[in-house]
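The following exercises concern strand order, strand environment and model confidence. Each task is followed by a worked solution.

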Amino acid sequence: MWLATNKGVSTLSASLSPLNGITVVNPSRRLAGAVASQLLAGHGARVIRVEDPPPAGGGESPARGIPNGWDDAGDLFAHFGRGSESVLLDLSRPDGVAALQQLVANAQVVIEDEHSSDDRG
């Protein structure tokens, strides 16, 4: 059974969702992670996006991008962020790292889309 959400996006009902009960943590910063999150959320997973806090001088979180004109979220953020939750964590601080470690410990899936130059050989 397909049900329309309040954003006009079709998703599976919770009882029939293949990923119902699965928690996904997404600290990724690239489009691949956002696309993966959207797909998993669309199949019933609980997706928690980890965002950087707004810059110290003010403004939006970097993940939210360019405003789209009708609210304060950018188009890509709104599109790929639908169906997920969001938490702001400063990973340069020990308490932010500890909070991320707690989220990861309670998740079944972690999305990672970064690489180090050492891995590219």
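Two strands count as paired if DSSP finds at least two bridges between them. The model used here is predicted.

**Exercise 1.** Determine the strand order of the open sheet and identify its edge strands.

*Solution.* Step 1: strand β3, residues 23-26, pairs with β6 in the parallel sense over two bridges. Within this pairing, valine 25 has valine 110 of β6 as its bridge partner.
Step 2: β3 and β4 also run parallel, joined by four bridges. Here asparagine 26 stands opposite arginine 49 in β4.
Step 3: the order of the four strands is β5-β4-β3-β6, with parallel pairing. The edges are β5 (84-88) and β6 (109-110), each of which pairs on one side only.

**Exercise 2.** Describe the covering of β3 and the connection from β3 to β4.

*Solution.* Step 1: in a regular strand, side chains alternate between the two faces of the sheet.
Step 2: Thr23 and Val25 lie on one side of β3, Val24 and Asn26 on the other, and all are buried, so both faces are covered.
Step 3: the chain passes from β3 through α1 to β4 in a right-handed β-α-β crossover.
Step 4: helix α1 (residues 31-42) lies across β3 and β4 (46-51), and runs at about 165° to β3.

**Exercise 3.** Which elements have the lowest and highest confidence?

*Solution.* Step 1: the chain has a mean pLDDT of 75, with 62% of its residues at 70 or more.
Step 2: confidence is lowest in strand β1 (residues 2-4), at a mean of 34, and highest in β6, at 96.
Step 3: residues 1-9 have pLDDT below 50, and this stretch makes 15 contacts in the model beyond near neighbours in sequence.

Technical notes: Residues are numbered from 1 along each chain as its sequence is written. This is a predicted model: local features need pLDDT of at least 70, side-chain atom pairs count only at pLDDT 80 or more; totals for chains, interfaces and linings use all residues. Side-chain values use heavy atoms; hydrogens and water are left out. Contact means heavy atoms within 4.5 Å. Axes are lines fitted to C-alpha atoms, for helices over the stretch in contact, and angles run from 0 to 180 degrees between N-to-C directions. pLDDT is the predictor's confidence in each residue, from 0 to 100. Buried means under 20% relative accessible area, exposed over 50%, partly exposed in between (1.4 Å probe, protein chains only). A crossover is right-handed if, with the strands pointing away from the viewer, the path from the first strand over the helix to the second runs clockwise.
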